[in-house]
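Reader: I'd like a close look at one part of this model, strand by strand, with the terms spelled out as they come up. Pick a spot and take me through its neighbours.

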Amino acid sequence: MMPAPLLEMRQIVKTFGSLRANDRVDFEVRSGEIHALLGENGAGKTTLMNILYGLYQPDSGEIFWKGEKIVLHSPRDAIRHRIGMIHQHLMLVPNFTVLENILVGLPSPQEPLLPIQETLARLKDFAAQYGLPIDPTLKVKQLPLGLQQRVEILKALFRGADLLILDEPTAVLSPLEVEDFFAVLRNLVDKGVSIIFISHKLDEVLRISDRITVLRQGKRVGTIETRQATQPILAEMMVGRAVALDHGFPKGGAAQPLLELKGVSLIRPKVGRVLKDINLTLHSGEILGIAGIDGNGQEELADVICGLIPYSEGQMLLEGRPIPNPTPRKMKAAGLGYVPADRQRVGLVKNFSIAHNLVLKSFDDPPFNRHGFLREKVVHLNAQQVVEAFDIRAAALSQPVGELSGGNQQKVILGRELKLATRLLVAVHPTRGLDVGATESVRQFLHAQKEKGIGILLISADLDELLAMSDRIAVLFRGEILGIVPGEAASLPAISRMMLGERLEAIA
Amino acid sequence: MENMPSSVFSPSPALLRARWLNSLQIILLPFGAVLAALIVGAILIALTGVNPFFAYQKMWEGIAKSNYQVGLVLVKATPLLIIGLGLGFVFNSGVFNIGAEGQLYMGALLGTAIAIQDLGVPAWLHVALSLLGGFVGGGLWGLLPGYLKARHNINEVITTILLNYIAIYIVSYFTHGPLRDNPLAEAALPQTPQVQLSSQLPLIWPPTRLHAGFPLGLGLALVLYLVTYRMAFGYKARAVGSSPAAAHYAGMNTTLIMVIVMVVSGGLAGVAGTVEILGVQHRLRDMFSPGLGYSAIAIALMGNNHPFGILLAALLFGALQVGANNMQALAGVPVTIVDVIQATVIFFVAVSAMIRWRASLPRLFRHKGEANG
Ligand SMILES: Nc1ncnc2c1ncn2[C@@H]1O[C@H](COP(=O)(O)OP(=O)(O)OP(=O)(O)O)[C@@H](O)[C@H]1O
Ligand SMILES: [Mg+2]
């Protein structure tokens, strides 16, 4: 006889309007395992986990925890049962320090005073015990995403967790950070914590998990031991048919210079130089990759090029003509599309509908605008096209975009920006959160655009993606470009070393 | 694909039902607030020894007994409606203008200054010029905090509150000094002379007091509805309100938009002040507003910042006011109790607005994740 599982969810049903996000799903987690949850965008993974964390109430179904039936009315109940969750989109207060973020909502033995000393001491303990060192005095907004995530994990551990739900924790981590992260996970398991791990990256899932459950369109397809799984098996389980998994793209085809940065620097008050003397040329018909550990100036570089932040020094040229004061409007007019890193806060207006988000940058332009009025019919038609082309799964075009699954939100941004990119595309983590099928079609689309002569700046934490797509790869470290290498597998060692701060000249 | 909706292009019946329930909730919550306030009021009235049913009967008669009373309700609702429209507009953009009171005073000042001159122009033109003056006066008083917020990120709540005091004292100065009616008379009141006949708003439903300001308010509600929900500018203004970072990213001129909505909101408060002078009071008195600019904040919240919701809320407040006056006169309910009932309405409206606001938060921050849209 097997021991009773730690967690058993039985016949869970959750509907939103007419959409069955979870359809009689059975799911179980054994004590001490890392259980991966897989499925296409919108398959219902996040919904199932939100139910387990008490954020949603299931329409029907039961949850058994440590052998007993429980009902979760709110996250507070889940925390009381020692279930912790780290969301797909991190939920820290950016302006608070690490310590303050951990203190938020923590019960204090000496109310109304905060248990600051105790917390600091326990932080030290945790750091040693789980291998999670962090400086508690730093503001969260100053931390790279990998460390922000560590704060979320610490937060969950502080509240006590026998089961940790991790919703796409590795989506934005660079390979090195993923290694650290996996070491932490193994450590947690050794200390008796069980883990549910959601990811679209099959290789990661195969490496870290013990068992895998696959969802498709709200239903459970099956659960298999990781030992018996391979990438093609998993892909077929998720999609329902065999899928071609990533293959390389033909390189070359770069023509004349399109975008040139000459000695561009960005100085931020209180922070200092975030970009240092950037010299970079993007050619038309070229994909130029930017590698680097998150937080080394990638987002600022993208923001500067797209006119969101004015640069402090240097010169930017588009087809040889200088652009002294780029603004988002000017750059859009010049044929630039921009897929930003922060899709929730920057890329979308969450309470606007899908249709209106798809014209977010075109409210003033024909054919959507006539005499100042928005032509809803045209807006709607445009949305129909994009939704179909990008396979955006939603209940209706009028649905607020904030209600879409993470991957479908990303598709809305891609659908808008790829259309606007008639000359130039700046894409930060473009396939982040996309399932294997969608990732593949976006990559193919990017490649097709490149063949048409569009220049693409591809900023990604995913080295495999960069190597598969880019003609050349530049490495950013602390706001500086340490070297540019060809986009081929042979460059990998050099890239990895540059990501840690070595200059190309020093390596060669 | 049986669990995907039949078509993503037209909302499913279930979704439409959920949307409808949601709008129902938006309408029902404020009415619940009013009901709750009336119940609290009934208890207070009973405590003063008056039969609450009798009192409320008088209140209802005060609202609807005759055309005259209905006209009064509409007259009371007019300034609240016009200010509320501007406030709903500015709140949608995430700018919290608390300065409608001051903007109302400055608008009334400039509007009256024009209305008391004998310009020798046709009446419609004199009215139009005075109203324009009102818009400019209030608009300038909104421009300043709008600019400070947009350009220098100075908190508009603080600046607008401070500007309220300044505006009220400026009007005091003018009604005591330069614009005082008959300044040499012994017992001259701090007020301006009567506005010219040519600038008075015509009465449109004699013998009631209803003046042309009310249809003007209705027209403005329609215009603001079109601007907010049909025109590109409204989408941009709302994008700035819900997600400033996304608005900037999308190339919207967030600074300019914030300034524009502040000017419009201040301008409408100024128009409301001028309408009150041209249509009802006919001269500008020191301290003439009983806090219209503050009540209108509650009205905008209650109307969910939507022009038509604001119209309903303004009518409701107008009715409560006229009815309460009648109740006081004919049922002997002390005037303080009437004030308490009105304040309680505002309190419950604020509470219900909070409930709705929480319900609109991303589901992750809520405890019960019911699907309603
Ligand atoms: N609050 C909500 N209101 C309406 N529909 C919702 C809501 N939350 C999720 N959905 C819908 O339920 C479906 C499942 O969403 P869910 O977020 O669980 O997907 P997911 O498997 O996590 O996908 P992804 O990999 O893209 O994150 C989607 O079609 C989504 O649009
Ligand atoms: Mg998800």
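Author: Two strands count as paired once DSSP finds at least two bridges between them. Strands (E, at least two residues) and helices (H or I, at least four) are DSSP runs, numbered from the N terminus. Residues are numbered from 1 along each chain as its sequence is written, with chains lettered from A and ligands numbered from 1 in written order. This is a predicted model, so to speak of local features takes pLDDT of at least 70, side-chain atom pairs need 80 or more, totals for chains, interfaces and linings use all residues, and side-chain values use heavy atoms without hydrogens or water.

My pick is the hairpin that strands E21(A) and E22(A) make, with two residues between them. In its turn sits Arg478(A), whose phi is positive, at about 45 degrees. The two arms, E21(A) and strand E22 (residues 480-486) of chain A, run antiparallel and are joined by six bridges. One pairing you can click on is Arg472(A), whose bridge partner in E22(A) is Pro486(A).

Strand E21(A) has another neighbour too: strand E13 (residues 287-291) of chain A is joined to E21(A) by four bridges, and this pair runs parallel. Here Ile290(A) has Ala474(A) in E21(A) as its bridge partner. So how covered is strand E21 (residues 472-477) of chain A? Mostly: five of its six residues are buried, with buried meaning under 20% relative accessible area, exposed over 50%, and partly exposed in between (1.4 Å probe, protein chains only). For the other end of that scale, try Leu140(B), which lies in helix H5 of chain B and is exposed, with a relative accessible area of 51%.

If you want another strand arrangement in chain A to set beside the hairpin, look at the open sheet of four strands, ordered E12-E11-E14-E15, where the pairing is antiparallel. Strand E12 (272-283) and strand E15 (321-322) stand at its edges, each with a single partner strand, so one side of each has no neighbour in the sheet. Inside that order, strand E11 (residues 257-268) and strand E14 (residues 313-318) of chain A run antiparallel, with five bridges joining them. Leu261(A) is a handy marker there, standing opposite Met316(A) in E14(A). One thing to keep in mind while you rotate the view: side chains in a regular strand alternate between the two faces of the sheet.
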